[in-house]
Amino acid sequence: MRHVIIRAFGPPDTMAVECFTATTPDDHEVMIEVSACGVNFPDLAIRLGISLDAPTLPHVPGYEVSGRIVERGRNVTDFQVGDRVFAMIPGGGYATHVTCRSDQLFHVPPDMSDDEASVISISYLTAWLSVNRLAGVRAGEIVVIHSAGGGVGLAALQLCVTRGAHVIAIAGENKHARLQFVGADACIDPSKEDITARLRELTNCKGVDVILDSTGGQSYNQSYQSLSPLGRLVLLGSAGVISESETSPLQSARFRYPPMQLSPPLLMKANKSISGLHLPPLLSCHDICVEGMAEILSLYENGYVMPIIDAVFSLDDASEAHRHLHARNNFGKVVLHP
């Protein structure tokens, strides 16, 4: 059995593939022979040592996997050996085998591929909580999605389209045509256009109803200023301030302490709201995960959402997968194959 392990914070090459002996499942656990593992941007932050979760080293990254059950504990009754499943786990997914609790498992729909199953949980559940729970997106509203070509961005775009919202996608120009095909009404290239000015133009100075901001830094303030009265800003991360593939004190400070020029009185006077979402701590909230995944899988089975796979790497090339995400060229999700 093999896994990718981080023994020191730093650039992608600090990750190494090593052999390990998997833990025998206890009464409430199963062992999965992994078919595919999703690579997420928080994995990069963990490797850099600037993650909000701050795991201790050594650490095996990977929040989501798909595969088949090869062993199960005696108290596991909802799953059988041989079942195709996907799982949301607190780490350890970059591996050939994963042992996890049965309440972290979901059955894979018959028509869903292993690659799709490995990436439908983290990004789509993040998007579902943002769009449904925190922002409460309604038909006819204008929603701005930062990093719209990434895994969470595309998931949020699809969910907003199903709700009848109008989406303005923030992404590089090379992704605009594909974003419009998925359902974006307009696109903005942040490297070529002033986002705030362009949003004023697109909304006739009225502002937007919802902004999902995963960029961070000064973008948070710009997003707040672009909201209409009763507008909602959801903070999803600070991926935009990770400009380097190696660790640095400045990068860490920008990621952990983004500038926000706000105060409660000003927030109340403006009639705007701000909320934050960081999914990993919520993975232990079983009812929330089950509710969200039930709706997401229903939307998948009815053709309303579809995970988009950008690239597939082998477990041995995990460092290349991280470099691919650092380059910001991906459209959709990156997957590892053991």
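## Disulfides

The search of the whole structure, a predicted model, returns zero disulfides. A disulfide is a covalent bond between the sulfur atoms of two cysteines. Cys37 shows why no such bond forms there: its closest cysteine sulfur, in Cys100, is 12 Å away. That is too far for a bond, since the cut-off is a pair of sulfur atoms within 2.5 Å.

Two cysteines illustrate opposite surroundings. Cys37 is buried, at a relative accessible area of 1%. Cys205 is exposed, at 63%.

## Aromatic pairing

The count of aromatic pairs is one. Its members are Phe86 and Phe106, with ring centres 5.3 Å apart. Their planes meet at 15 degrees, so the pair is stacked; the limit for stacking is under 30 degrees.

Where do the two rings lie in the fold? Phe86 belongs to strand S5, residues 84-88. Phe106 belongs to strand S7, residues 105-107. The pair therefore ties together parts that are 20 residues apart in sequence.

Both partners fall under the 20% limit for burial. Phe86 has a relative accessibility of 0% and counts as buried. Phe106 is buried too, with a relative accessible area of 11%.

## Charges over rings

Arginine and lysine each supply a case of a charge over an aromatic face. Arg178 lies over the face of Phe331, at 4.5 Å from the ring centre. Lys272 sits over the face of Tyr224, and the distance to that ring centre is 4.5 Å.

Definitions and conventions
Residues numbered from 1 in each chain as written. Predicted model: local features only at pLDDT ≥ 70, side-chain atom pairs only at ≥ 80, totals over all residues. Heavy atoms only, no water. Buried < 20%, exposed > 50% of the residue type's maximum accessible area, 1.4 Å probe, protein only. Phe/Tyr/Trp six-rings, centres within 6.5 Å; stacked < 30°, edge-to-face > 60°. Helix = DSSP H or I, 4+ residues; strand = E, 2+ residues; numbered from the N terminus. Lys NZ or Arg CZ within 6 Å of the ring centre and 35° of its normal.
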